Amino acid sequence: MPVKDGEVWAEDSGGPGGDALPLVLLHPGVADSRVWDGILPRLAEGRRVIRYDARGYGSSPAPTAPFSLVDDLIAVLDHFDVARAFLAGSSMGGATAIGLALAAPARVAGLALLVPGITGNPDFAMAEFTAEVGRLAEAGDMDGIVGLVRRTSAAAGTGDDPEVQAFIRAVIPSWFAVHPHHVPDPPAFDRLGELDVPCVLALGEHDDPEVVRCNEEMAARIPGCRLVRLRDSDHFPILREPDAVADIIMEAYAATR
């Protein structure tokens, strides 16, 4: 489907019509929209579910012009004639969901945030991680980048962890293709107190400690936010605890109706 100066792959499950509230799934930056495959059948039972690949991820072409993740989300909603939706976003997708809830609150009925990212938090820059990824990339060490992500974001894994490794390897080229064109959305961290929708935030106990601290502070700043601690999850909760994640999303969705 078209977005400004580009296109993205998107999928609409159809489902209930009328006044049924659509559920929009926003994938993390460490995977593409296939990360939802395992729980999509449960989420789509009696619900209209929309998911898409952000530019440069999965089946979406790499960007060739400046773009904003929030603007692209708005374009997806408009394409499917969705005036208002419930948003479930993981990591990068969580930051996008928050960005839309602040930019266009009438379009967001509720939020399920899974290990969410956030714009505008100076203490959550992940500068060391970014610098190390850059150094490894300059050396052509893709295995080193995979190992770095596994150590920092996939600590709950055991053995070879093939599913997570496959996702990581698939998105590394996306990071470098997207970076020159990505225009960060406005800072949101200091505006979290403005959110006025039902919200649940789930963090992974085995995630990077910096992410855990940021998620805890985010939940504290969002009015009425319910904080859930996933004991067996890292930055891949959809894969680590799929049933728990599906329950969190469905319960939060039901509470908005």
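Here, a residue counts as buried when its relative accessible area is under 20%. With that in hand, a quick tour of this predicted model can start at helix α3, where the buried residues are M92, G93, G94, A95, T96, A97, I98, G99, L100, A101 and L102. After that come one aromatic pair, the cysteines, and a few loop residues, two of which have a positive phi without being glycine.

**Helix α3 and its surroundings**

- Helix α3 covers residues 92-103, and its end C-alpha atoms sit 17 Å apart, which agrees with the 16 Å that its 12 residues should span.
- Of those 12 residues, 11 are buried, so α3 is largely enclosed by the rest of the structure.
- What do the buried residues of α3 pack against? Their partners are β4 (23-26), α2 (69-79), β6, β7 (108-114) and α7 (209-221).
- The axes of α2 and α3 run 9 Å apart and pack at an angle of about 75°. Since angles of 65 to 115 degrees count as roughly perpendicular, that is how α2 stands to α3.
- On the α2 side, L69, V70, L73, I74 and L77 make this contact, and on the α3 side it's M92, T96, G99 and L100.
- As general background, an α-helix has 3.6 residues a turn, so residues three or four places apart point the same way.

**The aromatic pair**

- How many aromatic pairs are there? The count comes to one.
- The pair is F86 with Y253: their ring centres are 5.9 Å apart and their planes are at 75°, so this is an edge-to-face arrangement.
- F86 belongs to strand β6 (residues 85-90) and Y253 to helix α9 (residues 242-255), so the pair ties together parts that are 167 residues apart in sequence.
- F86 and Y253 are both buried.

**Cysteines**

- If you're setting up topology, note that the structure holds zero disulfides.
- C214 is in no disulfide, and the nearest cysteine sulfur, belonging to C225, is 12 Å away.
- Is C214 buried or exposed? Its relative accessibility is 4%, so C214 counts as buried.
- C225 has its closest cysteine sulfur in C199, at 3.8 Å, which is too far for a bond, because a disulfide needs the two sulfur atoms within 2.5 Å.
- C225 is buried as well, with a relative accessible area of 15%.

**Loop residues with a positive phi**

- Most residues other than glycine have a negative phi, so a couple of residues are worth a look.
- S91 isn't a glycine, yet has a positive phi of about 55°. Where does S91 lie? S91 is in the loop between β6 and α3, and counts as buried at 10% relative accessibility.
- V115 isn't a glycine either, and has a positive phi of about 35°. V115 is found in the loop between β7 and α4 (127-138), and is buried with a relative accessible area of 0%.

**A44, in another loop**

- A44 has its place in the loop between α1 (40-43) and β5 (49-52).
- With 29% relative accessibility, A44 counts as partly exposed.
- A44 and V228 are 184 residues apart along the chain, and their C-alpha atoms are separated by 23 Å.

Notes. Residues are numbered from 1 along each chain as its sequence is written. This is a predicted model: local features need pLDDT of at least 70, side-chain atom pairs count only at pLDDT 80 or more; totals for chains, interfaces and linings use all residues. Side-chain values use heavy atoms; hydrogens and water are left out. Rings of Phe, Tyr and Trp (its six-membered ring) pair if their centres lie within 6.5 Å; planes under 30 degrees apart count as stacked, over 60 as edge-to-face and the rest as tilted. Helices (H or I, at least four residues) and strands (E, at least two) are DSSP runs, numbered from the N terminus. Buried means under 20% relative accessible area, exposed over 50%, partly exposed in between (1.4 Å probe, protein chains only). The expected span of a helix is 1.5 Å times one less than its number of residues. Contact means heavy atoms within 4.5 Å. Axes are lines fitted to C-alpha atoms, for helices over the stretch in contact, and angles run from 0 to 180 degrees between N-to-C directions. Angles under 35 degrees count as roughly parallel, over 145 as roughly antiparallel, 65 to 115 as roughly perpendicular and the rest as oblique.
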